[in-house]
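User: Please take a close look at one part of this structure and describe, in connected prose, how its pieces are arranged. I am new to it, so please explain each term when it comes up.

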Amino acid sequence: MTGGVVTSLTPVRGFGVDIGGSGIKGCVVDLDKGELVGERVRIPTPQPALPEPVYGVVADIVGQFGWQGRIGVTYPGVMKSGVAFTAANMDPSWIATDMAAGLEAVIPGTVQTLNDADAAGLAEMAYGAGKGQRGLVLMLTFGTGIGSALFIDGQLVPNAELGHIEVDGEDGELRASAAAREREGLSYPEWALRVDRYLDTLERGLWPDLIIVGGGVSKKAHKWVPLLTTRTPVVPAVLQNDAGIVGAALAAEHRIGQ
Ligand code: BGC
């Protein structure tokens with residue numbers, strides 16, 4: 001010990017897996033830095049994305065790293081006590097499936113499950129754009145759907161499903177997700193109008209202090225974030241593609257999530 005500073009010689013490591021509609025990604029995570037250790041492994045999500053084949057892919061990824069011990073695994077829907085409650089962009093057979101039990105049957109060790117956006121949000125709050133932010137912080141992930149994670153003074157309020165608020169009579173994510181932009185061939189300014197309308201609807205019911213926008217489109221944040229007219233400051237996510245993996249590993253370490 002020098003100058004009263006204690007440094008840990010053994011870095012704290014965890015393992016996170018991020019299950020998405022098109023890919024399942026996993027890696028060892030350095031939890032001191034919030035970074036991946038080496039290259040992540042990505043395997044395309046089996047189609048149809050049924051529970052058993054997905055468990056097989058997760059087990060394969062964990063096995064490739066020879067990881068032993070707790071792992072965190074995300075799910076792109078409402079997740080409570082290991083059980084999936086919704087499946088907006090997954091096969092409907094996931095609903096009422098005990099994912100935690102299914103994974104524990106094929107992977108030794110314990111599994112911490114949580115919603116994918118909640119995981120991304122945890123990572124941003126710990127290491128990224130939300131670091132040290134108090135008050136009400138909303139993380140939104142724009143991908144196939146719109147994921148949301150809500151934090152009050154740094155504490156996660158799990159399973160906020162704000163991607164599905166009704167905007168002009170339609171499910172919010174159907175009009176304003178990144179997938180909607182691609183599907184409809186919208187330019188960034190055209191899509192920004194949709195996102196703005198979505199956020200305007202959201203801001204009628206919530207008064208966040210900060211909105212963090214993540215997902216692949218956050219790499220191009222300069223093309224659309226400055227066009228937004230929200231009263232809440234909007235900042236791009238810092239961790240981008242790896243946020244789900246990092247957040248899953250963090251959730252496993254601190255037993256956060258449901
Ligand atoms: C789901 C959310 C999920 C988001 C991003 C939405 O359709 O309802 O639970 O976080 O997609 O995957």
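Analyst: A good place to start is Gln 240, which lies in the loop between β15 and α8; helices (H or I, at least four residues) and strands (E, at least two) are DSSP runs, numbered from the N terminus. This is a predicted model, in which local features need pLDDT of at least 70 and side-chain atom pairs count only at pLDDT 80 or more, while totals for chains, interfaces and linings use all residues. Residues are numbered from 1 along each chain as its sequence is written, and side-chain values use heavy atoms, with hydrogens and water left out.

Gln 240 is not a glycine, yet its phi is positive, at about 50°. With a relative accessible area of 26%, Gln 240 is partly exposed, where buried means under 20%, exposed over 50% and partly exposed in between (1.4 Å probe, protein chains only). Asp 153, in the loop between β10 and β11, likewise has a positive phi of about 50° without being a glycine, and its relative accessible area of 39% makes it partly exposed.

Both loops lead to the sheet. Five strands form an open sheet with mixed pairing, in the order β11-β10-β9-β14-β15; two strands pair if DSSP finds at least two bridges between them. At the edges stand β11 (155-157) and β15 (234-236), each with a single partner strand, so one side of each has no neighbour in the sheet. Direction ignored, neighbouring strands of this sheet are turned by 30° against each other on average. Strands β9 (residues 136-142) and β14 (residues 210-214) run parallel and are joined by 5 bridges, with Thr 141 standing opposite Gly 214 in β14.

Two helices lie across these strands. Helix α3 (residues 116-127) lies across β9, β10 (146-152), β11 and β14 and runs at about 50° to β10, where axes are lines fitted to C-alpha atoms, for helices over the stretch in contact, and angles run from 0 to 180 degrees between N-to-C directions. Helix α6 (residues 188-205) lies across β9, β10 and β14, at about 145° to β9.

Helix α3 also meets helix α8 (residues 243-254): their axes come within 7 Å and cross at roughly 85°. That makes α3 roughly perpendicular to α8, since angles of 65 to 115 degrees count as such, under 35 as roughly parallel, over 145 as roughly antiparallel and the rest as oblique. Among the residues in contact (heavy atoms within 4.5 Å) are Ala 119, Leu 122 and Tyr 127 in α3, and Val 246 and Leu 250 in α8.

Helix α6 takes part in an aromatic cluster, in which ring pairs link Phe 142, Tyr 188, Trp 191 and Trp 224. Rings of Phe, Tyr and Trp (its six-membered ring) pair if their centres lie within 6.5 Å, and planes under 30 degrees apart count as stacked, over 60 as edge-to-face and the rest as tilted. Tyr 188 and Trp 191 are both in helix α6, 3 residues apart, about one turn of the helix, and both are buried. The rings of Trp 191 and Trp 224 have centres 4.8 Å apart and planes at 65°, so this pair is edge-to-face. It links distant parts of the chain, with Trp 191 in helix α6 and Trp 224 in helix α7 (residues 221-224), 33 residues apart.
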